[in-house]
Amino acid sequence: MDFWAEQAERLHWDVRWSEVLDWSGAPYAKWFTGGRLNAAHNCVDRHVEAGFGDQVAIHWVGEPGDSRDITYAQLRDEVCRAANALASLGVRAGDRVAIQLPMIPEAIVAMLACARLGAPHSVVFGGFSPSALRSRVEDAEAKVVITADGQFRRGQAVPMKANVDEALAGSAVEKVVVVRRTGEDVPMGERDVWWHELVDGQSTEHFAEAFDSEHPLFILYTSGTTGKPKGILHTTGGYLTQVAYTHQVVFDHRPGEDVYWCTADIGWITGHSYIVYGPLANRATQVVYEGTPNTPHEGRHWEIVQKYGVSIYYTAPTLIRTFMKWGEDIPARYDLSSLRVLGSVGEPINPEAWRWYREHIGAGTAPIVDTWWQTETGAIMIAPPPGSPEFKPGSAQTPVPGISAMVVDDAGKEVAPGESGYLVLDQPWPSMLRGVWGDDARFRETYWSRFTGAYFAGDGARYDADGDIWLLGRVDDVMNVSGHRISTAEVESALVSHPAVAEAAVVGAADPTTGQGIVAFVIPRDAAEVSVQELRDHVAREIGPIAKPRQIMVVPELPKTRSGKIMRRLLRDVAENREIGDVTTLADSGVMAQIAGQKSAT
């Protein structure tokens with residue numbers, strides 16, 4: 001516990017804790033009990049008070065090309081104005097505020113204003129449908145919703161307020177605050193108020209009250225599964241401690257020197273932990289980008305890296321594979337020499353993408369920190385340190401200091417080197433979820449019932465001969481083919497290692513003979529000719545005949561969330577000839593129609 005006490009000292013505590021960890025109510029933890037602090041003060045005010053008010057906190061880049069540089073002093077003023085504005089609407093500590101905004105500065109300001117007031121925020125991804133938004137607003141019983149008139153996506157103004165109106169029809173939400181972003185005409189009802197009219201005239205003075213370490217900070221709903229979304233609850237002290245610590249140690253972040261860029265959306269946990277709370281607690285200067293990586297051209301990210309001198313770049317394997325598909329000549333046009341640390345998040349990175357990333361983005365020298373963690377863990381749990389003497393392409397390698405993780409068999413016994421099993425966390429950690437909002441039974445059943453006394457992450461993993469950890473993806477992404485356990489990640493890596501393949505996704509589909517059959521969806525590289533039989537044989541050579549896909553479909557795109565995760569459950573629907581499930585979380589819902597059309601043509 002001395003280790004985590006030392007990490008907590010990174011923060012400003014109005015009242016120091018009396019006990020580092022109270023685990024007597026397991027699986028509910030209490031970290032830094034008796035301690036009191038304010039998350040917004042830790043992310044903004046204390047840096048201004050320490051004399052760093054003129055340091056740029058955010059280089060914001062809008063999709064149409066507009067931009068804003070916001071210093072810590074300016075960010076403090078904006079957060080105080082927004083906190084006063086929300087307070088004027090009756091928002092008090094404990095009230096929930098739902099936020100559905102594009103990647104604009106007001107999104108970060110709104111989150112920090114809520115934290116300043118002690119009002120837990122529930123950020124909802126901007127691409128969610130009205131029904132998905134409504135279910136989250138209702139479950140959290142949000143008092144206020146903050147949204148925008150619209151957002152820019154691939155050069156077009158896309159409405160948001162209209163969707164919110166549909167979602168909130170007949171709801172108990174008291175006020176809807178609307179940021180003017182696209183300038184489109186939107187209807188404003190009795191409970192609607194413009195952000196600029198409400199916020200701009202407010203005082204820049206606001207006292208940041210200290211809250212108990214276990215005071216709820218936010219609820220974030222998991223997406224991409226069937227059934228009612230789970231509202232993952234995170235509290236203040238432990239969460240802020242671990243996101244600040246991991247942001248510094250995993251990325252070797254140097255305040256005042258580095259320019260950091262995490263490409264996630266704030267609608268997901270990566271945006272919460274590694275755009276808002278971790279970097280700002282560490283006095284980072286960071287890039288926040290509103291748009292897509294190919295608007296207005298496929299070199300957009302590298303143009304931004306070059307302009308701002310980005311030194312730490314954190315993105316998803318799916319985006320890396322997209323860059324591969326576009327060609328190495330695109331990043332070669334830009335000066336990327338400022339990059340010194342590269343990060344990967346969201347799913348296991350296949351070795352071929354790892355090597356491309358390091359060679360063409362990291363000049364063959366930048367370390368790649370392949371990070372494993374979840375919405376539920378709150379912060380990075382497994383990652384190689386940037387100064388690691390040996391990196392293993394495709395392996396997250398070791399738990400970060402302070403974290404205990406194991407790979408176990410069905411009986412909960414640790415497996416031997418070279419064997420596969422289930423990844424569990426056998427000791428509590430500060431940023432762990434504190435429950436599923438309003439559903440204690442679901443919390444216990446989902447995370448704590450599989451293995452006694454341990455959190456089951458739902459992921460498969462294996463140890464290599466050195467004892468390093470290799471993630472195999474979700475357990476439901478481990479296929480059982482004639483009694484052989486085969487990871488979808490392994491087959492995907494084999495496919496992507498073929499020079500004709502830019503990206504691949506693999507699912508297991510019911511098979512009357514083998515139990516499950518392997519079905520692959522591949523995107524060809526550029527205009528490469530793809531021989532399905534050649535690819536099947538290639539996988540057999542790389543892994544073994546048992547891993548040869550039953551079927552390979554050549555498709556123009558894969559179904560991905562805006563954060564870059566491949567929605568394999570939708571591909572399973574295609575593979576098993578089922579009706580396509582909910583597509584509201586996809587960045588481009590039209591992709592599934594293309595894939596289904598491709599299948600009917602094969």
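**A mixed sheet and a buried glutamine**

Let me begin with strand β4, residues 56-61, which pairs with β5 in the antiparallel sense over 5 bridges, and within that pairing V56 stands opposite T71 in β5. I should say at once that what we are looking at is a predicted model.

Both strands belong to an open sheet of 7 strands with mixed pairing, and the order across this sheet is β5-β4-β17-β16-β18-β19-β20. Its edge strands are β5, residues 67-71, and β20, residues 368-370, each of which pairs on one side only. If we ignore direction, neighbouring strands of this sheet are turned by 15 degrees against each other on average.

Turning to the helices that lie across the sheet, α3, residues 72-88, crosses β4 and β5 and runs at about 90 degrees to β5, while α11, residues 317-326, lies across β18 and β19 and runs at about 100 degrees to β18.

Now to one residue of the sheet, Q286, which is found in strand β17, residues 285-289. Q286 counts as buried because its relative accessible area is 0%, and its side chain reaches the backbone oxygen of I275 at 2.6 Å. Leaving aside neighbours within four places in sequence, the contacts of Q286 include A57, I58 and H59, as well as Y260, Y274 and I275.

Finally, a word on helix α8, residues 237-251, whose 15 residues reach 21 Å from the first C-alpha to the last, close to the 21 Å expected at 1.5 Å a residue. This helix is mostly covered, with 13 of its 15 residues buried, and α8 is followed by D252, whose phi is positive, near 50 degrees.

How values were computed:
Residues numbered from 1 in each chain as written. Predicted model: local features only at pLDDT ≥ 70, side-chain atom pairs only at ≥ 80, totals over all residues. Heavy atoms only, no water. Helix = DSSP H or I, 4+ residues; strand = E, 2+ residues; numbered from the N terminus. Buried < 20%, exposed > 50% of the residue type's maximum accessible area, 1.4 Å probe, protein only. Polar contact = N/O pair within 3.5 Å; in protein donor to acceptor, adjacent residues only side chain to side chain. Contact = heavy atoms within 4.5 Å. Expected span 1.5 Å × (residues − 1). Pairing = 2+ DSSP bridges. Axes fitted to C-alpha atoms, helices over the stretch in contact; angles between N-to-C directions.
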